[in-house]
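Reader: Please take me through one part of this model in detail, beginning with whatever definition I need in order to follow you. I would rather have one connected account than a list of separate remarks.

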Amino acid sequence: MAENIQITVKLFAIFQEVLATDELQINLESGTSVSAIFDRLVSQHPHLEKWRLLTRYAVNLNFADPQTILKNGDEVALIPPVSGG
């Protein structure tokens, strides 16, 4: 039986707009990768799929690959491209 872990997900730009919040608390199975968070969001909001290849990830304030395995208590940020001036 897999252990569950709790992750804080920080949302910015399009993710924040679509989910109407800047932070989520989610439970995942131990051994889950960062990309599974994006998969979960897309399953609930399919139009976010177009942002998959453009989104960067950070785990505990450090940029991370989508394959990074999460640990209990990690904070994950989904960082889409933003424009500004």
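Author: Two strands are said to pair if DSSP finds at least two bridges between them, and the strands themselves are DSSP runs numbered from the N terminus. With that in hand, the part I would choose is the sheet, together with the helices and the loop that meet it, always bearing in mind that this is a predicted model.

The sheet is an open one, built from 5 strands in the order 2-1-5-3-4, and its pairing is mixed. Strand 2, at residues 23-29, and strand 4, at residues 62-64, are the edge strands, each pairing on one side only. From one strand to the next the twist averages 35°. In general, the strands of a sheet pair through backbone hydrogen bonds, and they may do so in either the parallel or the antiparallel sense.

Beginning from the edge formed by strand 2, we find that strand 2 and strand 1 pair in the antiparallel sense, over 7 bridges. Within this pairing, I7 has I26 of strand 2 standing opposite. T8 also has its place in strand 1, and with a relative accessibility of 16% it counts as buried, because the limit for that term is under 20%. The side chain of T8 is joined to the side chain of Q25 by a polar contact of 3.0 Å. If one leaves aside the neighbours within four places in sequence, the residues in contact with T8 are E23, L24 and Q25, together with D74, E75 and V76.

Strand 1 is also paired with strand 5, and here the sense is parallel, over 4 bridges. K10 stands opposite A77 of strand 5 in this pairing.

Towards the other edge, strand 3 covers residues 56-59 and runs antiparallel to strand 4, with 3 bridges joining them. A58 stands opposite F63 of strand 4, while R56 lies over the face of F63, at 4.0 Å from the ring centre. The loop between strand 3 and strand 4 holds L61, which has a positive phi of about 70° although it is not a glycine. As a general matter, most residues other than glycine have a negative phi. L61 counts as exposed, since its relative accessibility is 75% and the term applies over 50%.

Turning now to what lies across the sheet, helix 2, at residues 35-44, crosses strand 1 at 4-11, strand 2, strand 3 and strand 5 at 75-79, and it runs at about 110° to strand 2. Helix 2 also takes part in an aromatic contact, for a search of the whole structure finds 1 aromatic pair. The partners are F15 and F38, whose ring centres are 5.8 Å apart and whose planes stand at 85°, so the pair is edge-to-face. The pair links distant parts of the chain, with F15 in helix 1, at residues 13-19, and F38 in helix 2, 23 residues apart. F15 counts as buried at a relative accessibility of 0%, and F38 counts as buried at 1%. Helix 1 also includes A13, a residue that has a positive phi of about 50° although it is not a glycine. Unlike the two phenylalanines just described, A13 counts as partly exposed, its relative accessibility being 26%.

The last piece is the loop between helix 2 and strand 3, where T55 is found. T55 is buried, with a relative accessible area of 8%, and a polar atom of its side chain lies 2.7 Å from the backbone oxygen of W51. Apart from neighbours within four places in sequence, T55 is in contact with F15 and F38, and also with L78, I79 and P80. T55 is thus in contact with both members of the aromatic pair. L53 lies in the loop between helix 2 and strand 3 as well, but L53 is exposed, with a relative accessible area of 82%. In sequence L53 and P80 are 27 residues apart, and in space they are 9.3 Å apart from C-alpha to C-alpha.

Conventions. Residues are numbered from 1 along each chain as its sequence is written. This is a predicted model: local features need pLDDT of at least 70, side-chain atom pairs count only at pLDDT 80 or more; totals for chains, interfaces and linings use all residues. Side-chain values use heavy atoms; hydrogens and water are left out. Helices (H or I, at least four residues) and strands (E, at least two) are DSSP runs, numbered from the N terminus. Axes are lines fitted to C-alpha atoms, for helices over the stretch in contact, and angles run from 0 to 180 degrees between N-to-C directions. Contact means heavy atoms within 4.5 Å. Buried means under 20% relative accessible area, exposed over 50%, partly exposed in between (1.4 Å probe, protein chains only). A polar contact is a pair of N or O atoms within 3.5 Å; within protein, one must be able to donate a hydrogen and the other to accept it, and residues adjacent in sequence count only if both atoms are side-chain atoms. Rings of Phe, Tyr and Trp (its six-membered ring) pair if their centres lie within 6.5 Å; planes under 30 degrees apart count as stacked, over 60 as edge-to-face and the rest as tilted. A charge sits over a ring if NZ of Lys or CZ of Arg is within 6 Å of the ring centre and within 35 degrees of the ring normal.
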